Amino acid sequence: MQAHTVRSAHTRPNRKRVGRGDGSGSGTYSGRGMKGQKARSGGGVRPGFEGGQNPQIKGLPMLRGFRNPFRVEYQVVNVGRLASLPEDASGISPAVLKANGMVKHADKPVKLLGGGELDRAFVVSGVKVTASAKARIEAAGGSVEA
């Protein structure tokens, strides 16, 4: 291979040269059609123009409401469901809950709610816990780690 034989890996099509006579294929109207606003020099409509109907940007203030971009969506589990875990599972974490099919994602935040009864002690870590859930876990002899 020599320097003068090297070719680009990406070919570029030749640009369209409009208005260079009928023989070029882009003469006469130069791809602008016949007459009208878009055929004129400097013609065209401003950005956001929608043919005279009320533009979307003018209607936006009428759309009421607010969506908090910082909202945290928790996966919730009632403490009563922990009773169905195998006997050897004493430590509760998002990974354990995911492995036992109680939550869909181990990497998303989990919150334990106080519904149901507990029959044995659990050590809960890496999970948000409501006050009622904490009371039930501690009443069963377990503990909650922050």
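Val-76 sits opposite Lys-111 in strand 3. That match belongs to a predicted model, in which local features need pLDDT of at least 70, side-chain atom pairs count only at pLDDT 80 or more, and totals for chains, interfaces and linings use all residues. Residues are numbered from 1 along each chain as its sequence is written, and side-chain values use heavy atoms, with hydrogens and water left out.

Strand 1 and strand 3 run parallel and are joined by four bridges; strands here are DSSP runs of E with at least two residues, helices are runs of H or I with at least four, and both are numbered from the N terminus. Two strands are called paired if DSSP finds at least two bridges between them. Strand 3 (residues 110-113) also pairs with strand 5, again in the parallel sense, over two bridges. On that side, Lys-111 has Lys-128 of strand 5 as its bridge partner. Put together, this gives an open, parallel sheet of three strands in the order 1-3-5. Strand 1 (75-78) and strand 5 (128-129) are the edges, each with a single partner strand, so one side of each has no neighbour in the sheet.

In a regular strand, side chains alternate between the two faces of the sheet. Strand 1 shows this: Gln-75 and Val-77 point to one face and are buried, while Val-76 and Asn-78 point to the other and are not. Buried means under 20% relative accessible area, exposed means over 50%, and partly exposed is in between (1.4 Å probe, protein chains only).

Lys-111 turns up once more, this time over the face of Tyr-74, at 5.3 Å from the ring centre. Such a contact needs NZ of Lys or CZ of Arg within 6 Å of the ring centre and within 35 degrees of the ring normal.

There is another open sheet of three strands, with the order 2-4-6 and parallel pairing. Its edges are strand 2 (91-92) and strand 6 (143-144), each with a single partner strand, so one side of each is left without a neighbour in the sheet. Strand 2 runs parallel to strand 4 (residues 123-124), and two bridges join them. Within this pair, Ile-92 stands opposite Val-124 of strand 4.

Away from the sheets, Leu-60 is found in the loop between helix 1 (56-59) and strand 1. With 45% relative accessibility, Leu-60 counts as partly exposed.
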